[in-house]
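Trainee: I should like to work through this model with you, one question at a time. May we begin with the overall picture and then turn to individual residues?

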Amino acid sequence: MKARDLTMADGTVLAVEEDGPADADITVVLVHGWTQDRRTWDRVLPLLPPGVRWVRYDLRGHGASAPPAPGTATIDRLADDLVEVIEAVAPTGRLVLAGHSMGGMTIMALADRYPELVRARVEGTAFVSTACSHMSRVTLGLPGVWGALAHRVERRLAGMLTRYRRDRLPLSRTAARLGARWLVFGRRPRPADVAMVADQLLRAHPASVGAFQTEIGLHDRTTALSVLRDTPGVVMSGTADRLCTTRHARAIADELHEGRLVLCPGAGHMLPQERATEVAEEIATLCRVAATSPAA
């Protein structure tokens, strides 16, 4: 396993990790979500087929990557980063892209901004616990007035965080774990997974968290999915996801002629932890389909 720092065109340094044959014809690129880091995929990686080449990295403002400069905590810029990572570590060969939550939104933005690259090289996509639009009124699964209140609190919190100037969120580990357990997990999560998700949250850069939260609310890449319409894909959703619901997943699948919808009963938002075996199997299937495509 090889880890290194990559400097983006705007000077932001990203932490990147890769493994597998350097001359592999297919590279799996794994993109994590909001408030998380590349450890999101820790349970998935050992379950991928032997010999698969993979790349994962920390998004700007997350994990070991540097905070973004003012004005660059945007999903468009995340798509630009993804292109630069691909150019640096997988400049040739075919790609299978897997994105969790905001990572999936990053892949949609990639299709929007770089359609030629996507059409030429992307042979499969896995959209895990994500959405193509309608994230502006997140209710956290709460009904009526409680959902409306949750939405107002979420909007206010985003604004407060963008003005927060410290490097770490002002949360205790206990509070972070309790919040993660309720918000992003379904039934009976492993305590170690809850602790890991909370730790990733506590490592994220607060102002970036707030800016990206606003970006997620504005996200609408439904039309961009047309670029991936005929590309083999899978859309995965937990039936107990409070953030990106099965309704969001169905909206993505409806735009993808070659996309399968996979619902995971009782699972929440963190499918790479809660349903790692299923996520790995779906990515492996995309790799097998890519390997036997006419271009192989």
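Mentor: The exchange below concerns a predicted model, and it goes from the chain as a whole to single residues.

Trainee: How many helices and strands are there in the chain?

Mentor: The assignment rests on DSSP runs, numbered from the N terminus. On that basis the chain has 10 helices and eight strands.

Trainee: What percentage of the residues in the chain is buried?

Mentor: A residue counts as buried when its relative accessible area is under 20%. The chain has 296 residues, and the buried share of them is 57%.

Trainee: Of the contacts with a separation of 6 or more, what share is accounted for by residues 24 or more positions apart?

Mentor: The contacts considered here are those in the chain with a separation of 6 or more. Within that set, residues 24 or more positions apart account for 80%.

Trainee: What part of the accessible surface of the chain belongs to carbon and sulfur atoms?

Mentor: The accessible surface comes to about 12,700 Å². The part belonging to carbon and sulfur atoms is 55%.

Trainee: How many disulfides does the structure hold?

Mentor: Two cysteines may serve as examples of the setting: Cys132 is buried at 1% relative accessibility, and Cys244 is buried at 2%. A disulfide would require a pair of cysteine sulfur atoms within 2.5 Å. The number of disulfides in the structure is zero.

Trainee: Which residue forms a salt bridge with Glu17, and which parts does the pair tie together?

Mentor: The structure holds 22 salt bridges, and in the one made by Glu17 the closest N and O atoms are 2.6 Å apart. Glu17 lies in strand 2 (residues 13-19) and its partner in strand 4 (residues 53-57), so the bridge ties together parts that are 39 residues apart in sequence. Glu17 is buried at a relative accessible area of 9%, and the partner is buried at 6%. The parts tied together are strand 2 and strand 4, and the partner is Arg56.

Trainee: In the salt bridge of Arg94 with Asp25, which residue is buried and which is partly exposed?

Mentor: The closest N and O atoms of this pair are 2.2 Å apart. The pair links distant parts of the chain, with Arg94 in strand 5 (residues 94-100) and Asp25 in the loop between strand 2 and strand 3, 69 residues apart. A relative accessible area of 9% is under the 20% limit, so Arg94 is buried. At 42% the other residue falls between the limits, so the partly exposed one is Asp25.

Trainee: Which residues are linked with Asp10 in a network of salt bridges?

Mentor: This network is made up of Asp10 and further arginine and acidic residues. Those linked with Asp10 are Arg60, Arg77, Asp81 and Glu84.

Trainee: How far apart are the end C-alpha atoms of helix 6?

Mentor: Helix 6 covers residues 191-203, which is 13 residues. At 1.5 Å a residue, the expected span is 18 Å. The model agrees with this, since its end C-alpha atoms are separated by 19 Å.

Trainee: What covers the buried residues of helix 6?

Mentor: The buried residues of helix 6 include Val194, Val197, Leu201 and Leu202. Asp193 is also among them, with a relative accessible area of 6%; Asp193 forms a salt bridge with Arg190 at 3.0 Å, and Arg190 is partly exposed at 40%. The cover includes helix 5 (173-184) and helix 9 (271-274).

Trainee: Is Ser129 buried or exposed?

Mentor: Ser129 lies in the loop between strand 6 and helix 4, and its phi is positive, about 50°, although it is not a glycine. Its relative accessible area is 0%, so Ser129 is buried.

Trainee: Is Arg188 buried or exposed?

Mentor: Arg188 also has a positive phi, near 50°, and is found in the loop between helix 5 and helix 6. Its relative accessibility is 71%, which is over the 50% limit, so Arg188 is exposed.

Trainee: What distance separates the C-alpha atoms of Pro50 and Gly20?

Mentor: Pro50 sits in the loop between strand 3 and strand 4 and is exposed at 83%. Along the chain, Pro50 and Gly20 are 30 residues apart. Their C-alpha atoms are separated by 8.6 Å.

Note on methods: Residues are numbered from 1 along each chain as its sequence is written. This is a predicted model: local features need pLDDT of at least 70, side-chain atom pairs count only at pLDDT 80 or more; totals for chains, interfaces and linings use all residues. Side-chain values use heavy atoms; hydrogens and water are left out. Buried means under 20% relative accessible area, exposed over 50%, partly exposed in between (1.4 Å probe, protein chains only). A salt bridge is a side-chain nitrogen of Lys or Arg within 4 Å of a carboxyl oxygen of Asp or Glu. Helices (H or I, at least four residues) and strands (E, at least two) are DSSP runs, numbered from the N terminus. Contact means heavy atoms within 4.5 Å. Accessible areas come from the Shrake-Rupley method with a 1.4 Å probe; for residues, only the protein chains shown count as cover. The expected span of a helix is 1.5 Å times one less than its number of residues.
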